[in-house]
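Please open the structure in your viewer and keep the selection tool at hand. The tour below goes from one selection to the next and says what is found at each stop.

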Amino acid sequence: EFRRVLFRSLYGYKVDARLGQGDMFLNGAYYEQKVSYLSNVNYSWSLTHLRPWQKFGYYILCLVDCEDDFNPNFFVIDKMAINKLKLSAMNGTSEANHNNSNIELRTNVMKDSTSHRILEKMNLLEDNSFEALQKFVKNR
């Protein structure tokens with residue numbers, strides 16, 4: 001439901017998954033969108049099913065801070081910038097995935113960690129607000 005609201009509020013279009021171009025088209029650019037809620041067990045957000053081989057330009061990340069009244073924090077990062085985070089395969093071992101070129105990846109971003117600071121530094125938005133996300137998309 002959240003994704004549908006995001007599409008509508010940004011005046012975007014859902015991309016057919018069979019095209020391999022992310023899942024959202026906004027103002028001339030393709031995006032892959034991920035939403036994660038802060039875990040109260042390990043205080044981290046999980047970003048899963050990352051597919052950097054697809055033909056999109058940016059990730060839109062929405063990290064919901066459950067400790068801060070479920071405040072959403074938005075990030076837009078260049079697709080290749082995701083490689084600055086520690087990534088691992090969603091399924092299988094390194095040996096099992098050795099010859100696979102299209103491996104779905106995952107990462108955990110612990111709140112206030114080095115990974116969180118790296119994500120903040122890579123963010124193309126002026127801040128983490130929804131208004132900053134709207135402005136970025138509009139001015140593309």
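## First stop: I77 and its surroundings

Select I77 in this predicted model and display what lies around it: setting aside neighbours within four places in sequence, I77 is in contact with G57, Y58, Y59, L61, I82, L119, M122, N123 and L124. Next, widen the selection to the largest nonpolar core, which has 17 residues, and among these I77, together with Y59, L61 and L119, touches the most other members. To see where this core comes from, colour strand 4 (44–50), strand 5 (58–65), strand 6 (71–78), strand 8 (105–110) and helix 2 (114–122), each of which supplies at least two of its residues. A second core, separate from this one, holds 16 residues, including M24, I60, F74 and A132. As background for both selections, nonpolar side chains in soluble globular proteins tend to be buried together.

## The whole chain

Now zoom out and switch to a cartoon view, in which the chain shows 3 helices and 8 strands, running from the N terminus in the order α-β-β-β-β-β-β-β-β-α-α. If you colour by accessibility, the buried residues make up 41% of the 140 residues in the chain. Among contacts between residues at least 6 apart in sequence, 56% join residues that are at least 24 apart.

## The sheet, strand by strand

Select the open sheet of 5 strands, whose order is 1-2-3-5-6 and whose pairing is mixed. Its edges are strand 1 (13–14) and strand 6, each of which pairs on one side only.

Moving inwards, look at strand 2 (24–26) and strand 3 (29–37), which run antiparallel and are joined by 3 bridges. L26 has A29 of strand 3 as its bridge partner, and in the hairpin that these two strands form, with 2 residues between them, N27 takes a positive phi near 45°. Strand 3 then runs parallel to strand 5, to which 7 bridges join it, and here you can pick Y31 and find its bridge partner Y58 in strand 5. Strand 5 in turn pairs with strand 6 in the antiparallel sense over 8 bridges, and Y58 stands opposite D78 of strand 6.

## The helices on the sheet

Add helix 2 to the view: it packs on the sheet and touches strand 5 and strand 6, with its direction at about 65° to that of strand 6. Then add helix 3, which lies across strand 2, strand 3, strand 5 and strand 6 and runs at about 30° to strand 6.

Which residues of helix 3 (130–138) are buried? Select A132, L133, F136 and V137 to find them. Looking down the axis of helix 3, you will see that these buried residues fall within an arc of 135°, so they line one face of the helix. On the face turned away from that buried side, helix 3 carries the exposed residues E131 and K138.

## Last stop: two cysteines

Finally, select C62 and C66 and compare their surroundings. C62 is buried, with a relative accessible area of 1%, whereas C66 is partly exposed, with a relative accessible area of 28%. A disulfide would require a pair of cysteine sulfur atoms within 2.5 Å, and by this rule the count comes to 0 disulfides.

Notes: Residues are numbered from 1 along each chain as its sequence is written. This is a predicted model: local features need pLDDT of at least 70, side-chain atom pairs count only at pLDDT 80 or more; totals for chains, interfaces and linings use all residues. Side-chain values use heavy atoms; hydrogens and water are left out. Buried means under 20% relative accessible area, exposed over 50%, partly exposed in between (1.4 Å probe, protein chains only). Helices (H or I, at least four residues) and strands (E, at least two) are DSSP runs, numbered from the N terminus. The arc is that of the directions from the helix axis to the C-beta atoms. A nonpolar core is a set of buried Ala, Val, Leu, Ile, Met, Phe, Trp, Tyr and Cys residues joined through side-chain atoms within 4.5 Å. Contact means heavy atoms within 4.5 Å. Two strands pair if DSSP finds at least two bridges between them. Axes are lines fitted to C-alpha atoms, for helices over the stretch in contact, and angles run from 0 to 180 degrees between N-to-C directions.
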